[in-house]
Amino acid sequence: MATAWMIATFLALAAAGVPVCAAMGMSAFLGLALIDAPLDTFVRYMQHDVRSVPLLAIPFFILAGNVMNVFGLTRRIFEFVESLVGWMRAGLAQVTVLSSVMFGGISGSALADIAGIGVMQIDAMRKAGYRAEFAAALTLAASLLDPLIPPSIMFIIYAVMMNVSVGDLFIAGIIPGWRWRRSSRSTTMLLGKMGWETFPPPKPFNWRVTWSTFWKGLPALITPIVILRSMITGLTTPTEASVLAVIYALFLGVLYREMTWAGLREAFSSSARTTTLIMFLTGVGSVMSFVITSDQVAEQLARQLGGLTDSKWAVLSLVSLALLILGCFMETVPAMLIGIPLFGPLVVKFGIDPIHFGVVLTYVLLLGIVHPPVGLGLFAVCAISRLRIESGDLGDAEVLPGVHPVLLLLMFVPRTVDLAAFGRVY
């Protein structure tokens, strides 16, 4: 079967240390050859999804997050959140989670969260007396919120490939994101009560500091509201909202008098590199998707699973397990580009709502960034915290138990992906 050879070739090349882009490209060429498709199909399908209007939102949301970072706007968000909840038990741990929620409404990327606000989170926790391993682990776990809280780069890619509404996916990610925030907070408090973590005494609450940081950071704090409000009310499409986010971030840079040519150059160059990588992978993923569709893999999987069970929940469990394993060995975007054409049509055939599956798929693959052997998020957080990879992984094991109950809730309680409050009932 062409699909099996294509995926096996990709995994073998990736395991041999070939860059992901090259491994996917060579595997896609092999897949086309095995189904006797003209080689110009590679070029045509490379352009197929990349030319999609919704994908234009990706570079702009990435740029908005980078602008917020280089102009110090994320620092203002962190300072206000720290003054607001820093007085609570394990206050800085709560600040880390809550500030990730707010930054997730701007960047839409877990790695952007780690590279941007994560540096401040880890430094602040270490200075306050938290263990470095715990600080790094919590920052990594909190970064998983970003692709669930809209805008989400992963949601945009999924929506384009599955031909569903980007806006519906954005709205569907709000409640799961907040549920994960609550789960993370509960896990952190449980660690303290059980004596597995020792938290330093919190800072006393100070109205003056809170009021001061609120007014200083107010324009930056309402950035997620500006983005979401414009989309939910129908004033803008997600693509137009991404442009609005960049304009607003640049306006804040001028307002705070922190805009510099060096900062602009850094933000634009970093955004260009990230966008180029994502768009290339998306283009090659379209070619691989064409091979998988031509090979009728979804139909074959549906027939085989139909002989084993007719329960959509059993199918969703098997698919989620396969995606979890896939996410542990591949970066998130390539895993999505392979997983969506393989399993997307399959779960739809068994009656699973594609919006529901989109949130589950995104969350499952995100768990891959915290696990070796790839563990891109794990490597990133260890790099900024100057910890050995073994230390980061050890500390992360304490925080991750709070992640898995949320995954089960997302899978088996569709109303967790709750659009009922927005006029849609599953």
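**Helices and core of a predicted model**

Asn163, which comes directly after helix H10, has a positive phi near 55°. The structure in which this residue sits is a predicted model, and the helix before Asn163 offers a convenient place to begin.

Helix H10 covers residues 153-162 and is mostly covered, with 10 of its 10 residues buried. The buried residues of H10 are Ile153, Met154, Phe155, Ile156, Ile157, Tyr158, Ala159, Val160, Met161 and Met162. Two residues of this helix also appear in the description of the largest nonpolar core. That core has 137 residues, and those touching the most other members are Ile58, Ile157, Tyr158, Leu323 and Phe357. Which residues does Ile157 contact, once neighbours within four places in sequence are left aside? The partners of Ile157 are Leu55, Ile58, Ile278, Thr282, Val333 and Leu337.

The chain as a whole may now be considered. The secondary structure consists of 23 helices and 0 strands. Of the 426 residues in the chain, 56% are buried. Among contacts with a separation of 6 or more, 81% join residues 24 or more positions apart. The packing of one helix against another can be followed in three pairs.

The first pair to be examined joins helix H1, residues 2-15, with helix H19, residues 332-349; their axes come within 13 Å and cross at roughly 165°. Because angles over 145 degrees count as roughly antiparallel, H1 is roughly antiparallel to H19. The crossing of these two helices is left-handed. On the H1 side, the contact is formed by Thr3, Ile7 and Phe10, which meet Pro334, Ile338 and Leu342 of H19. By class, the residues of this contact are 5 nonpolar, 1 polar and no charged.

Phe10 of H1 also meets a residue from another helix. Ser27 lies in helix H2, which spans residues 20-34. Is Ser27 buried or exposed? With a relative accessible area of 0%, Ser27 is buried, since buried means under 20% relative accessible area. Apart from neighbours within four places in sequence, Ser27 contacts Met6, Thr9, Phe10, Leu13 and Met288.

A second pair consists of helix H9, residues 132-143, and helix H12, residues 174-193, which pack at an angle of about 160° with their axes 11 Å apart. The two helices are therefore roughly antiparallel to each other. The crossing of H9 and H12 is right-handed. Phe134, Leu138 and Ala141 of H9 make this contact with Trp180, Ser184, Thr188 and Leu191 of H12. The contact of H9 with H12 holds 5 nonpolar, 2 polar and no charged residues.

The remaining pair is helix H5, residues 73-85, and helix H8, residues 117-128. These helices pack at an angle of about 40°, and their axes are 9 Å apart. How are H5 and H8 oriented to each other? They are oblique, because an angle of about 40° is not under 35 degrees, the limit for roughly parallel, and does not fall within 65 to 115, the range for roughly perpendicular. The crossing of H5 and H8 is right-handed. In this contact, Thr74, Arg75 and Phe78 of H5 meet Ile117, Met120, Gln121 and Ala124 of H8. The residues of this contact comprise 4 nonpolar, 2 polar and 1 charged.

Methods:
Residues are numbered from 1 along each chain as its sequence is written. This is a predicted model: local features need pLDDT of at least 70, side-chain atom pairs count only at pLDDT 80 or more; totals for chains, interfaces and linings use all residues. Side-chain values use heavy atoms; hydrogens and water are left out. Axes are lines fitted to C-alpha atoms, for helices over the stretch in contact, and angles run from 0 to 180 degrees between N-to-C directions. Helices (H or I, at least four residues) and strands (E, at least two) are DSSP runs, numbered from the N terminus. A crossing is left-handed if the near helix is turned anticlockwise from the far one by less than a right angle, and right-handed if clockwise. Contact means heavy atoms within 4.5 Å. Ala, Val, Leu, Ile, Met, Phe, Trp, Tyr, Cys and Pro count as nonpolar, Asp, Glu, Lys and Arg as charged, and the others, Gly among them, as polar. A nonpolar core is a set of buried Ala, Val, Leu, Ile, Met, Phe, Trp, Tyr and Cys residues joined through side-chain atoms within 4.5 Å. Buried means under 20% relative accessible area, exposed over 50%, partly exposed in between (1.4 Å probe, protein chains only).
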